[in-house]
Amino acid sequence: MEQGKYYIFTYGCQMNVHESEKLAGILEDRGYTKAGTPEEADVLVYNTCCIREGAEQRAMGNIGNAKPLKKNKPNLIVAVCGCMPQQKNVEATLKQKFPFINIFGANNVEFFGEYLDVFLKQRKYQNKILQDQDYQSNDKKIKIVRDNPYCAYVNITYGCNNFCTYCIVPYVRGRERSRPASDIFNEVKQLVEVGHYKIITLLGQNVNSYGNDLTEDKTTFPQLLEKLSKIEGDFQLRFMSSHPKDFSDELIEVIANNPKVCKAVHLPVQSGSNHVLKLMNRNYTREKYLDIIKKLKAKVKDLSISTDIIVGFVGETEEDFEDTVKLLQEVQFSNAYIFIYSKRKGTVAEKMEGHLPLEIKRNRIHKLLEIQKKYTNNHFLSLVGSTQHFVLVEEERPMHYIGKTQCGKVVKIKKNKTLCLGNFANIKITDYSGGNLYGEVE
Ligand code: SF4
């Protein structure tokens with residue numbers, strides 16, 4: 001029986017996008033259907049993220065917008081989930097600002113259905129801030145409503161053990177838990193058997209340390225990739241996020257030699273300075289990072305490498321910053337996501353001495369972005385004349401098809417009878433102009 005409609009706001013990374021697919025599954029299991037707009041909804045869910053200030057502020061603004069909706073529809077259920085509610089003292093602040101919130105917490109989505117059921121019966125505020133023991137990883141029981149018909153996310157780990165000093169994740173998502181390899185295998189196999197999922201992205205805060213906590217059926221991340229690639233079918237495996245400290249030679253071999261593993265690697269470096277990497281508690285040096293890149297470049301044909309960089313971290317000197325500039329120039333990433341460091345409450349870095357003025361951070365990010373722009377452009381130009389394998393054809397437009405390369409670059413593909421939506425194609429890149437790649441079937 002239809003209960004009404006739901007609308008989910010999602011903030012943050014792919015992990016949260018996938019959590020929202022599970023929240024949608026929980027709601028649909030209870031008879032709710034997807035609303036086109038928040039105004040149509042009977043349940044509004046805010047799946048928040050507190051990793052970056054911007055995402056948190058956007059969520060705050062949007063929760064505020066629920067006030068007039070609730071006024072027009074007093075039975076509207078407002079739920080705030082995700083990692084924001086897990087932060088200390090946030091509940092009191094949010095409840096004071098937004099007293100209309102009905103369900104608060106349920107960071108681990110498995111709890112959301114329970115809270116919703118109790119709220120529907122009692123119409124009483126439900127809240128739960130999770131403790132370590134509340135974190136589970138039994139999501140195999142949850143229905144998942146996947147948004148993208150061709151690309152599916154699969155969790156392989158939850159939480160994180162790394163405690164980078166700028167990051168709130170280990171405090172709000174718990175310690176690292178790996179899903180049993182057999183559960184992951186079954187989920188991926190089912191997805192491949194459906195037939196239309198061509199790209200399976202394995203998700204974790206640090207996929208490279210997958211399996212460290214497993215006591216039975218011990219499997220490392222490279223072994224997991226090898227196992228999954230034995231599943232019969234036309235699909236590609238991708239993964240995120242990687243941590244340089246756990247990026248092994250074994251993994252480089254698998255990326256190089258296994259045709260089902262994508263040849264695009266996203267490897268966050270965060271800083272090119274050993275001094276800053278230490279302050280960040282990243283547990284690798286610039287030398288170790290550059291060594292991984294050297295090996296990847298030597299072994300993996302047609303590789304594209306992207307990264308994340310935090311600029312203006314606490315205590316970052318001009319010399320440290322120049323080390324990051326030099327690293328950027330040395331690696332020449334195909335893409336870099338560069339962010340200004342922002343203080344996150346509850347982290348070690350928040351209390352460190354030596355926070356930099358915004359102006360310095362702005363100048364530094366501006367310089368890095370300018371440098372990276374050149375390399376990103378060079379990367380696009382270097383693709384002209386190449387044949388890109390496993391380009392996923394995602395959309396048909398009047399004049400051309402839209403496809404995506406293994407590293408996520410959009411290509412406008414000349415129409416051709418052999419092209420088929422949702423299939424892979426080998427595409428020869430013929431031009432790069434006006435910020436667009438153009439190609440045709442090889
Ligand atoms: S590896 Fe570091 S940055 Fe990534 S989630 Fe864990 S603590 Fe945060």
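**Close-up 1. Valine 441 in strand S19 of the predicted model.** In this predicted model, valine 441 belongs to strand S19, which comprises residues 436-441. Valine 441 counts as partly exposed because 17 C-beta neighbours lie inside 10 Å. When its neighbours within four places in sequence are left aside, the contacts of valine 441 are Asn416, Thr418, Leu419, Ala425 and Ile427. Valine 207, by comparison, is separated from valine 441 by 234 residues in sequence and by 34 Å in space, taken from C-alpha to C-alpha.

**Close-up 2. Helix H12 and its two faces.** Helix H12, residues 318-331, contains 14 residues and reaches 20 Å from its first C-alpha to its last, close to the 20 Å expected at 1.5 Å a residue. Its buried residues are Phe321, Thr324, Leu327, Leu328 and Val331. Viewed down the axis of H12, these buried residues fall within an arc of 110°, and therefore line one face of the helix. The face of H12 turned away from this buried side carries Glu318, Glu319 and Glu330, which are exposed. Just after H12, glutamine 332 adopts a positive phi of about 55°.

**Close-up 3. The surroundings of the buried residues of H12.** Covering the buried residues of H12 are, among other elements, helix H11 (286-299) and helix H13 (358-383), together with strand S13 (304-311) and strand S14 (335-340).

**Close-up 4. The packing of H12 with H13.** The axes of these two helices, H12 and H13, come within 10 Å and cross at roughly 10°. Because of this crossing angle, H12 is described as roughly parallel to H13. On the H12 side, the residues taking part are Phe321, Thr324, Val325, Leu328 and Gln329, and they meet Arg364, Leu368, Ile371 and Gln372 of H13. Sorted by class, the contact of H12 with H13 has 5 nonpolar, 3 polar and 1 charged residues.

**Close-up 5. Helix H13 and the elements that cover it.** The 26 residues of H13 should span 38 Å at 1.5 Å a residue, and the distance of 37 Å between its end C-alpha atoms agrees with this. Lys361, Arg364, Gln372 and Leu383 are the buried residues of H13, and Arg364 and Gln372 also appear among the H13 residues that meet H12. The cover over the buried residues of H13 includes H12 and the strands S13, S14, S15 (387-396), S18 (424-433) and S19, the last of these being the strand in which valine 441 lies. H13 is followed by glycine 385, which has a positive phi, near 95°.

Notes
Residues are numbered from 1 along each chain as its sequence is written. This is a predicted model: local features need pLDDT of at least 70, side-chain atom pairs count only at pLDDT 80 or more; totals for chains, interfaces and linings use all residues. Helices (H or I, at least four residues) and strands (E, at least two) are DSSP runs, numbered from the N terminus. A residue is buried if 20 or more other C-beta atoms lie within 10 Å of its own, exposed if 12 or fewer, and partly exposed in between; C-beta atoms are placed from the backbone. Two residues are in contact if their C-beta atoms, placed from the backbone, lie within 7 Å. The expected span of a helix is 1.5 Å times one less than its number of residues. The arc is that of the directions from the helix axis to the C-beta atoms. Axes are lines fitted to C-alpha atoms, for helices over the stretch in contact, and angles run from 0 to 180 degrees between N-to-C directions. Angles under 35 degrees count as roughly parallel, over 145 as roughly antiparallel, 65 to 115 as roughly perpendicular and the rest as oblique. Ala, Val, Leu, Ile, Met, Phe, Trp, Tyr, Cys and Pro count as nonpolar, Asp, Glu, Lys and Arg as charged, and the others, Gly among them, as polar.
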